[in-house]
Amino acid sequence: MQVLYPHCAGLDVHKESVTACVRSTVGNTVKREVRTFDTTTKGLLVLADWLTSEQCTHVAMEATGVYWKPVWHILGDGDFELVLANARHVKNVPGRKTDVNDATWLADLLAHGLIRGSFVPDAETQVLRSLLRTRKQLVREKSSHVQRLQKTLEDANIKLDSEISDIIGPTGRRMIEALIAGETDPAKLAALAHPRIKAPPEQLREALHGRVMTHHRFLLRLHLQQIDALDVVVSDIDREVNARMEPFRTATELLTTIPGISELSAQMIAAEIGTDMGRFPTAAHLISWAGLCPKNDESAGKRRSTRMRKGAPWLKTTLVQCGWAAVRKKGGYLQAQFHRIRSRRGPKKAICAIAASILTAIYHMLKDGTCYHDLGHDHFNQRAKAAQTKRLVARLHNLGYAVQITPLPA
């Protein structure tokens with residue numbers, strides 16, 4: 001097999017150490033040298049100097065949790081071509097598992113060009129990605145505290161969530177704060193409701209008639225404090241994100257023209273895939289990287305599974321949420337596609353197909369710099385007008401009707 005990189009290295013990265021194997025090819029002779037370094041900054045700088053002294057041009061490492069990131073950042077300052085390998089693609093031979101063997105195996109694969117590099121965005125995109133992922137985790141944590149707040153109210157037999165949709169909105173918050181302060185009269189609590197609340201006053205009074213004890217008030221106060229603290233942190237992250245959005249401003253403005261994509265969703269998508277689509281040869285490669293396509297699982301001519309492959313979970317969940325919002329827009333292509341697929345495959349597969357269509361549009365919009373163009377709700381009927389007509393006529397024949405087709409004048 002042809003050697004593409006005569007001087008290369010493979011790294012087996014762990015939390016506290018990294019094992020490096022330098023593979024050098026001179027003529028028909030292959031020389032390998034293995035050393036182990038600490039993952040401290042000093043140890044990684046020593047590793048970089050050693051790789052430079054060995055004239056390494058390419059370095060490969062596995063994507064091991066977050067431990068590969070410091071190694072990538074320090075070696076990225078050198079003159080190396082870094083390759084981040086998916087651990088599933090470079091599995092070593094079972095039963096021969098050591099750090100030295102792993103590093104040697106990576107070096108051998110890299111020398112022959114058998115490692116397909118994973119997508120690693122630029123530094124600005126990585127910073128934005130880290131901020132927005134943290135924001136999403138904090139929003140999920142806030143939702144957990146809201147659920148615990150609701151659970152505490154249910155334990156006190158306060159049925160507030162049955163009458164108002166948002167228990168931490170202005171009305172719900174005033175009522176909860178009054179409960180914390182010691183108010184137990186349902187009439188006084190119901191009087192705190194906003195005039196636009198749809199629930200009748202008598203139902204509100206009945207829902208607010210409970211048995212609130214001291215520990216309930218303590219828990220309600222605790223959860224409200226946590227929710228307020230998380231709101232402050234999320235606001236701080238939003239300000240930091242806005243300060244770093246300038247390189248992504250044009251891309252996010254383009255993405256918000258797609259139905260279902262808000263400004264925050266556009267920021268999330270830009271942070272996950274970046275703005276340069278040159279990394280992905282086609283839209284299908286991007287969809288495969290995101291995990292929005294069926295995995296390959298075929299044997300003896302039989303496809304054993306059509307489940308979606310594992311991919312980018314942060315991007316996939318955002319696109320699915322955008323898909324649910326997009327299919328609510330009446331008269332659009334995405335809604336028509338959703339109903340067309342749902343009738344045959346069910347809503348879950350249909351919404352994943354919508355997410356894949358949105359990502360396809362995103363790929364071409366970012367690549368070509370164009371705005372979103374909706375094909376319309378009648379796109380599928382116009383595309384196969386003859387087949388649609390034949391199907392409807394056959395259906396009427398099956399119901400016992402004779403039909404004669406007469407085209408309308410233009």
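In this predicted model, the buried residues of helix 13 are Y333, L334, Q335, A336, Q337, F338 and I341. Their cover includes helix 12, helix 14 and helix 15 (379–383). Helix 13 also packs against helix 14 at an angle of about 145 degrees, and helix 13 and helix 14 both contribute two or more residues to the largest nonpolar core.

**Helix 13 and its C-terminal end**

- Helix 13 consists of 13 residues, and the distance from its first C-alpha to its last is 18 Å, close to the 18 Å expected at 1.5 Å a residue.
- G346, which lies just after helix 13, adopts a positive phi of about 95 degrees.

**Packing of helix 13 with helix 14**

- Two packed helices are described by the angle between their axes and the distance between the axes.
- For helix 13 (residues 333–345) and helix 14 (residues 347–368), the angle is about 145 degrees and the axes lie 8 Å apart.
- The crossing of these two helices is right-handed.
- Helix 13 supplies L334, Q337, F338, I341, R342 and R345 to the contact, while helix 14 supplies P347, K349, A350, I351, A353, I354, S357 and I358.
- By class, the contact residues comprise nine nonpolar, two polar and three charged.

**Helix 12**

- The 14 residues of helix 12 should span 20 Å at 1.5 Å a residue, and this agrees with the model because the end C-alpha atoms are 20 Å apart.
- Buried positions in helix 12 are W314, L315, K316, T318, L319, V320, C322, G323 and A326.
- These buried residues pack against helix 4 (123–155), helix 10, helix 11, helix 13 and helix 14.

**Nonpolar cores**

- The largest nonpolar core has 44 residues, of which I261, L319, I358 and I362 touch the most other members.
- Two or more residues of this core come from each of helix 9 (249–255), helix 10 (263–273), helix 11 (283–290), helix 12 (313–326), helix 13 and helix 14.
- Helix 14 makes the greatest contribution to this core, giving 13 residues.
- Leaving aside residues up to four places away in sequence, I261 touches L255, T256, A266, I269, C322, I358 and I362.
- A second core, separate from this one, holds 24 residues, among them L44, L51, M61 and F80.

**Residues that recur across topics**

- I358 of helix 14 takes part in the contact with helix 13, is touched by I261, and is one of the residues that touch the most other members of the largest nonpolar core.
- L319 is buried in helix 12 and likewise ranks among the residues touching the most other members of that core.
- C322, another buried residue of helix 12, is in contact with I261.

How values were computed
Residues numbered from 1 in each chain as written. Predicted model: local features only at pLDDT ≥ 70, side-chain atom pairs only at ≥ 80, totals over all residues. Heavy atoms only, no water. Axes fitted to C-alpha atoms, helices over the stretch in contact; angles between N-to-C directions. Helix = DSSP H or I, 4+ residues; strand = E, 2+ residues; numbered from the N terminus. Left-handed = near helix turned anticlockwise from the far one by under 90°. Contact = heavy atoms within 4.5 Å. Nonpolar A, V, L, I, M, F, W, Y, C, P; charged D, E, K, R; others polar. Core = buried A, V, L, I, M, F, W, Y, C linked by side-chain atoms within 4.5 Å. Buried < 20%, exposed > 50% of the residue type's maximum accessible area, 1.4 Å probe, protein only. Expected span 1.5 Å × (residues − 1).
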